[in-house]
Amino acid sequence: RWWLIVQAEAKRVPFLPLLGVRVSVFSISYFTLGPQVGGEPLQVLSLQRKYGISFTRAVASVLLDKLLEFLADFLVLGIGVTAVLHAGILRENKTQLILSGLIVSLLILLPTIHLLLLYHQRRPLTALLKRLPILRRNSRWVRFVRAAEWMAGAFCQRHLRALLSALGVSLAAGAGMILDYTLMVQFLGIGLPLWKTIAGWTAGWLSFLTPLPGGLGALEASQVFALGRFGIPAGAALGVALLMRGRDLLIGCTGLLLTHRAWRKRPLSSATTPKEIR
């Protein structure tokens, strides 16, 4: 997704190096406190350092990347919440259904509205920052965010096809996460219908929203609780959690190695740095 966004305006940027950066971003977010965010500055720095892309344009590409990621994640989350209610993990009542529907709808609408506003050259983040009393209306940060949002909006207008392709990749990634969980459950010989499988995955996904490195403890508890509601023994539920943990640690450690290797290299000199993309 990120490569499609970057490559639309910087044709020389190859795919595999950006994939390595994205894995490194995952590892930083995974091993630090917070709900799986925090590695995004590495994306910006990598575009600056390796390809001479301006700081503002790099931030604009990351902004679009995160908006599309959130949109796809929240769409999949909406399916997951529906599965949780349908599978009976939580007691189902009218108030709960309405509240869950409103929350999920709001989460889906926020990135969608932001993208539509950017397409029409509106800058919601800039408007929000201008309303904050702790920042001056023409401060450096406000001007920077305004420029980044302007570039993101211009991208949406000029490269709508690339934007839709990146959104398609995001949706495919969301479906891939559910498929990944389904394969783990089947590998352990746990027979669950589709709704219960998606509900179990949703419980695990929500555990990563806790402000703990890699959802430590929360992931294991989520699987024991959710699968336990379906009559699955705690040992088997922990087996699913350990498979998920092993997968994430493998990717996370790979990302840390890539990060260490990248930062050991000397930065490009001004003589060899490509001309900044205007």
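A residue counts as exposed when its relative accessible area is over 50%. Keep that cut-off handy as you click through this predicted model.

**Stop 1: leucine 33.** Select leucine 33, in the loop between H2 and helix H3 (40–51). Its relative accessible area is 66%, so leucine 33 is exposed. Now show what is around it. Setting aside residues up to four places away in sequence, leucine 33 touches Pro211, Leu212 and Pro213. Add threonine 210 to your selection too: leucine 33 and threonine 210 sit 177 residues apart in sequence, yet 8.9 Å apart in space, C-alpha to C-alpha.

**Stop 2: an aromatic pair.** Searching the whole structure turns up seven aromatic pairs. For one of them, pick tyrosine 30 and phenylalanine 208: their rings are tilted, at 6.5 Å centre to centre with 45° between the planes. Which parts of the chain does this pair link? Tyrosine 30 belongs to helix H2 (residues 15–31), while phenylalanine 208 is in the loop between helix H9 (194–207) and helix H10 (218–228), 178 residues apart. Are tyrosine 30 and phenylalanine 208 buried or exposed? Both are buried. Then add Phe26 and Phe31, and you'll have one aromatic cluster made of Phe26, Tyr30, Phe31 and Phe208.

**Stop 3: a patch on the surface.** Stay with helix H2 and select leucine 19, which lies in it. With a relative accessible area of 38%, leucine 19 is partly exposed. Finish by adding Phe15 and Leu16: together with Leu19 they form a nonpolar surface patch, with about 310 Å² of accessible area between them.

How values were computed:
Residues numbered from 1 in each chain as written. Predicted model: local features only at pLDDT ≥ 70, side-chain atom pairs only at ≥ 80, totals over all residues. Heavy atoms only, no water. Phe/Tyr/Trp six-rings, centres within 6.5 Å; stacked < 30°, edge-to-face > 60°. Helix = DSSP H or I, 4+ residues; strand = E, 2+ residues; numbered from the N terminus. Buried < 20%, exposed > 50% of the residue type's maximum accessible area, 1.4 Å probe, protein only. Contact = heavy atoms within 4.5 Å. Patch = residues over 30% accessible without salt bridge, like charges linked within 9 Å, V, L, I, M, F, W, Y side chains within 5 Å. Areas by Shrake-Rupley, 256 points an atom, 1.4 Å probe, with all protein chains shown as cover. Salt bridge = Lys/Arg side-chain N within 4 Å of Asp/Glu carboxyl O.
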